[in-house]
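Biologist: Before I use this model at the bench, I want to know what stands behind the words used for it. Please show it, and I will ask about the terms one by one.

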Amino acid sequence: MAAYQTIPHKLRIGPVELKNWLVLAPMAGITNIAFRLMVKTQGAALVTTEMISAKGLTLYQERTLGYLKSDPRERPLAVQIFGSEPRTMAKAAEIVLDTEAQILDINLGCPVRKVVKTGAGAALLLEPGRLREIIREVRKAWPRALTAKMRAGWKPGHPLAMDMARLLEDMGADAVTIHPRYASQGFSGKSDWSIITEVKKSLSIPVIGNGDVLRPEDALKMREITGSDGVMIGRGAIGNPWIFSQILLLEAGITPQKPTIRERREFIEEHFQLLCHHVGQHGAARMMRGLLLWYTKGLPMSSRFRGAIGMVKDLSSLTRAMDLYFSALEERDK
Ligand SMILES: Cc1cc2nc3c(=O)[nH]c(=O)nc-3n(C[C@H](O)[C@H](O)[C@H](O)COP(=O)(O)O)c2cc1C
């Protein structure tokens, strides 16, 4: 894709100066090291790990510690933790301090039952006293940039966003991300960007808007409508990491092109190689099957390919199916 011709708007989080205003959302099961590295090649200024259990970290569980693995090329990196016990959260922050992460993010948005029943995630929006204590303890343990990512509140009619965002600022958070759906909504309905506008108006720390940025133009629209300092993208980047470079091109006044079949193929192959390197061939083949469904969404002749890879069990059949499909697409494009 073409080089950017203007300097993009920038975002600063505490001492961390980001090269632009685009952030990859934390997504459990998705934003692993390979995905983050690939997104970074498309210009995202900041990438975030998936949410990591503070308790799991403090128990030194091998699997949980594995989520902290990072690569120098993805820096600056934000690590997101979740939990409900102030001391455990602070202890987890100390463990993250041993990594190269520049930003620690506290999850105040996860609505999943397994998480909220422990008092963590979005459940913390119902307990300002506990939240205050968590931020106080974590702030003491974590001298680097501290952020939190929150929902609009627990359920409609109980708007909390402003109060909670102010509490976070008062307690020393360096930025707040807001996904303006209520926890009770899950992913239904549309995110209410007017809540981002309100939060932005009442804080002096940077506010990052999130929710329903699915096309490049949505990101510019969100920033313009809400005045947010940054924009975070989740689902819009799955199978479509080019969204970041496309937004930067749009910002520079250039109409972005879709990636060619060849570019797409090379990108997917690189993603696959990275996965193989980080999780081994077996895990990579399993994850890639899911990712390929996203990467090939809307492409010609994709339904047969998508049906075929659903049945594929091993790495060699997967690469063969991929080769056949992309060769057929390239042939068709000639
Ligand atoms: C598969 C999936 C996993 C997610 N995992 C997390 C997570 O670990 N931590 C978090 O704060 N939000 C998580 N989210 C929420 C996203 O970060 C984001 O707030 C939400 O998807 C709305 O943004 P979007 O419309 O750009 O997708 C997840 C979302 C999805 C779709």
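**Terms and the values behind them**

Modeller: Tyr-60 is called partly exposed because its relative accessible area is 48%, and the class runs between 20% and 50%. Keep in mind that this is a predicted model.

Biologist: Where does Tyr-60 lie, and what is its phi?

Modeller: Tyr-60 sits in the loop between H2 and H3. Its phi is near 55°, a positive value in a residue other than glycine.

Biologist: Why is Asp-212 called buried or exposed?

Modeller: Buried means under 20% relative accessible area. Asp-212 has 12% relative accessibility, so Asp-212 counts as buried. This residue is in the loop between strand S9 (207–210) and helix H9 (216–226). Asp-212 also has a positive phi, about 70°, although it is not a glycine.

Biologist: What makes the pair formed by Asp-212 and the ligand a polar contact?

Modeller: The cut-off is a pair of N or O atoms within 3.5 Å. A backbone N or O atom of Asp-212 lies 2.7 Å from an oxygen atom of the ligand, so the pair meets the cut-off.

Biologist: Which atoms of Met-51 and Gln-80 lie by the ligand, and at what distances?

Modeller: For Met-51, a backbone N or O atom is 3.1 Å from an oxygen atom of the ligand. For Gln-80, a polar side-chain atom is 2.8 Å from a nitrogen atom of the ligand. Both pairs are therefore polar contacts under the 3.5 Å limit. On its own the ligand has 610 Å² of accessible area, and the protein covers 86% of that.

Biologist: How many residues are around the ligand, and which come nearest?

Modeller: There are 16 residues around the ligand. A residue counts if one of its heavy atoms lies within 4 Å. Those that come nearest are Gln-80, Lys-149, Asn-210, Asp-212 and Arg-235. By class, the shell divides into 7 nonpolar, 6 polar and 3 charged residues.

Biologist: What makes one space a cavity and another a pocket?

Modeller: In a cavity a 1.4 Å probe fits but cannot get out, whereas a pocket is an open set of points. Rolling a probe the size of a water molecule over the atoms shows where empty space is left. The structure holds 1 cavity of 30 Å³ or more. The largest cavity has a volume of about 80 Å³, so it passes the 30 Å³ limit.

Biologist: Which residues line the largest cavity?

Modeller: Its lining has 13 residues, and Leu-46, Asp-105, Thr-147, Thr-177 and Met-232 lie nearest the centre. Two or more lining residues come from each of strand S6 (103–108) and strand S8 (175–182). The lining has 9 nonpolar, 3 polar and 1 charged residues.

Biologist: How much space lies in the largest pocket, and which residues lie nearest its centre?

Modeller: About 610 Å³ of space lies in the largest pocket. Of the 24 residues that line it, Ser-53, Ala-54, Phe-82, Lys-114 and Val-115 lie nearest the centre. Elements giving two or more residues to this lining include strand S4 (47–53), helix H4 (86–96) and helix H5 (113–116). S4 gives the most, with 4 residues. The lining divides into 11 nonpolar, 8 polar and 5 charged residues.

Biologist: Why does Thr-99 count as buried or exposed, and what does its side chain reach?

Modeller: Thr-99 has 17% relative accessibility, and the limit for buried is under 20%, so Thr-99 counts as buried. The residue is in the loop between H4 and S6. Its side chain reaches the backbone oxygen of Val-96 at 2.7 Å.

Biologist: How do you know which class Gly-43 and Ile-309 belong to?

Modeller: Set against the 20% limit, Gly-43 is buried because its relative accessible area is 7%. Ile-309, at 0% relative accessibility, counts as buried too. Gly-43 lies in the loop between helix H1 (33–41) and S4, while Ile-309 is in helix H12 (residues 302–311).

Biologist: What is the peptide bond from Arg-75 to Pro-76 called, and where is Pro-76?

Modeller: That bond is cis, with omega near 0°. Pro-76 lies in the loop between H3 and strand S5 (77–82).

Notes: Residues numbered from 1 in each chain as written. Heavy atoms only, no water. 1 Å grid on protein atoms, 1.4 Å probe; cavity = no way out; pocket = protein on both sides within 12 Å on 5 of 7 lines; lining within 4 Å. Nonpolar A, V, L, I, M, F, W, Y, C, P; charged D, E, K, R; others polar. Polar contact = N/O pair within 3.5 Å; in protein donor to acceptor, adjacent residues only side chain to side chain. Areas by Shrake-Rupley, 256 points an atom, 1.4 Å probe, with all protein chains shown as cover. Buried < 20%, exposed > 50% of the residue type's maximum accessible area, 1.4 Å probe, protein only.
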